Amino acid sequence: MESYAQIAWLVPLFPLLAFLILLAAGRGWKGAGAYVGILATLASFIVSVLVFVERLGKGAEDFTWNSLAWIKLGDYSLSMGYEINNLNALMLIIVSLVSLLVNLYSKGYMQGDERISVFYSYVALFTFAMLGVVMSENILQLYIFWELVGLGSFLLIGFWYFKPEAKAAAKKAFIITRIGDVGLFLAILLLFWHMPGHSLDFTSIHNAFAEGKISGGTATLIALLIFVGAVGKSGQFPLHTWLPDAMEGPTPISALIHAATMVAAGVYLVARTFDIFQASPVALDTVAYVGGFTAIFAATIGTAQNDIKRILAYSTVSQLGYMMMALGVSATVSAGMFHLFTHAFFKALLFLAAGSVIHAVHTQNIHEMGGLSAKMKITTWTFGIGALALSGVPPFSGFWSKDAILAEAYAGGHWVLFAVGLVAAFFTAFYMSRLFFLVFTGKPRGEHHAHAHESPAVMTVPLIVLAVLAVVSGFVMTPFNGWFGEWLTGHAAEEHNAGLVMALSTIVGLLGIGLGYMMYVKNSVSRTIVTGGAPWLYQVVNRKYYIDELYGLVIVKPLKALGSVLMLFDRYVVDGAVRLCASAVTGLGKVGSRMQNGQVQTYGLVMLLGLVALTLVFVGRRLWNVW
């Protein structure tokens, strides 16, 4: 074997085998199914590590295998296969590692659930689909796995199907992300139409756009349609509303979706097709400004939420906005992918730590918690590390990756986006300090603390591993170490004077934490400063700017009305015509059946009447012709 890339196809194969085994076994295995899922993701992680370490070597060439003939029409052929480069080798590590830790954590969190083996089969399918997205050799193959990711999210978000909220959230996620997927599908059709030789593999796409064979309005349209697909999967405004509702699924799934799989797919898609976006300054600006708006929009909403998982969900939407902004303002993908890399660890940590809290107190309302640090020390310390990383406090990983984004915006003269990034960082630090202080400090509130205790080792060990990664992962790319960007893109990273940016972002983050401390620990700043002074503003933010209500009024209700009209048309016009024909045939059959009664005299009478009728017709026609 010349290269570990030659066995990289095993990475998605292990979760697929786990899914098939657990699907065949059904519910009967119960807890034993967890070991199948854990071993499968462990095997995937080991192979991913081998591939990744090999890619760290200098001069490692990209590997492509596409010998599986899929479509052949005349002179046109399309193959399936996989490709290994530095970008997707990084993603393989992220997806397989987080999936392994989530599988391990779920062993404790889902203990006692009658459908635990079904849960692990869904997780395996979801992991397989995301790994397929990462390794796809052409964009049509990516689209197939992209849709499979959507299926996996539907199954997992609605896993507790007996809860109406879970069913509604699963349908909402499926439908809204399908809207984005239409954009991606149209982009693939345009690429097929305009690409030389109708090629859809990523190498040909790179060459075509790098050489300017597709440019101008066509390139802009293709890039924007691809971005629509990314907006749906990565929860960017205005297709972000499914992501907070996805919290109805089990908490380990929230960690998997928000950290390493589904929402990361949109950012990865833009990075994978970055050559197309580079051919269109309009598309890059669109990505940057949509991302910047989403970052501050979701950050403000996070300040007024009371559900621990929803706060983290809106922080995910905000951080994904940062990643998109980075892709839009940078000449390379390094800053955006660096933040995706660090975010995967500290966001998985925060969600799993939140699951540990929920597992202990059986509530998600942060106002019904408090004082948990005394009973849950590991969860407290690990959650605190994740919160500091998310808040961008040095030297935690989020500080370096967030500052890389702000430095790109500052160096590129994108002053509005730079200011937006700073303001969003302030809100992020504030709502995370609010969350931490209300949950872990002060006196216990509510009725859920009597039996609160630290989670078992199977849940806390993943927290510790992720906490370590949340501390050290940022050092792969700092102003003093440009290795990551050069390794990822193949080009030397541009040097920016990041000192001012680092100072400003640190001050902003500390101000946000300080305000949270004064409001929720020292009580020197009134907690009702907004709710009392401007209750309308708090209500607007708490209700998420009424975006769901607006969609319900403008889109959902008109579509329901149209559906009702079409249903009536179908029932009384289409079905009415069918029922009329059926009734006519049935009536004719009944008349025929009454005539076929077995009485000879009746048959003779009918024959006589028929003969008379024929005679009358014949005589009538003769008289008419003579006349």
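Here are three short exercises with worked solutions on this predicted model.

**Exercise 1. The β1/β2 hairpin**

Work out how strands β1 and β2 pair, and find which residue stands opposite K72.

*Solution.* Start with the strands: β1 covers residues 63-73, and β2 covers residues 76-84. Their pairing is antiparallel, over eight bridges. Within this pairing, K72 faces S77 of β2. Next, look at the turn: two residues lie between the strands, and G74 takes a positive phi near 65°. Finally, check how covered β2 is. Seven of its nine residues are buried, so the rest of the structure largely encloses this strand.

**Exercise 2. The largest nonpolar core**

Find the residues that touch the most other members of the largest nonpolar core, then list the contacts of M91.

*Solution.* This core holds 200 residues, and those touching the most other members are M91, F209, W242 and F277. Helix α15 (residues 334-361) is the biggest contributor, giving 19 residues. Now take M91: leaving aside residues up to four places away in sequence, M91 touches M130, V134, A264, Y268, M337 and L340.

**Exercise 3. A nonpolar patch on the surface**

Decide whether V554 counts as buried or exposed, and place V554 in its surroundings.

*Solution.* First, locate the residue: V554 sits in helix α24, residues 547-595. Then apply the cut-off: exposed means over 50% relative accessible area. V554 has 51% relative accessibility, and therefore counts as exposed. Last, see the surroundings: V554 belongs to a nonpolar surface patch together with L550, L553, I555, V556, L559, L562 and L566. Together, the patch residues have about 740 Å² of accessible area. As background, nonpolar side chains in soluble globular proteins tend to be buried together.

How values were computed:
Residues numbered from 1 in each chain as written. Predicted model: local features only at pLDDT ≥ 70, side-chain atom pairs only at ≥ 80, totals over all residues. Heavy atoms only, no water. Patch = residues over 30% accessible without salt bridge, like charges linked within 9 Å, V, L, I, M, F, W, Y side chains within 5 Å. Areas by Shrake-Rupley, 256 points an atom, 1.4 Å probe, with all protein chains shown as cover. Salt bridge = Lys/Arg side-chain N within 4 Å of Asp/Glu carboxyl O. Helix = DSSP H or I, 4+ residues; strand = E, 2+ residues; numbered from the N terminus. Buried < 20%, exposed > 50% of the residue type's maximum accessible area, 1.4 Å probe, protein only. Core = buried A, V, L, I, M, F, W, Y, C linked by side-chain atoms within 4.5 Å. Contact = heavy atoms within 4.5 Å. Pairing = 2+ DSSP bridges.
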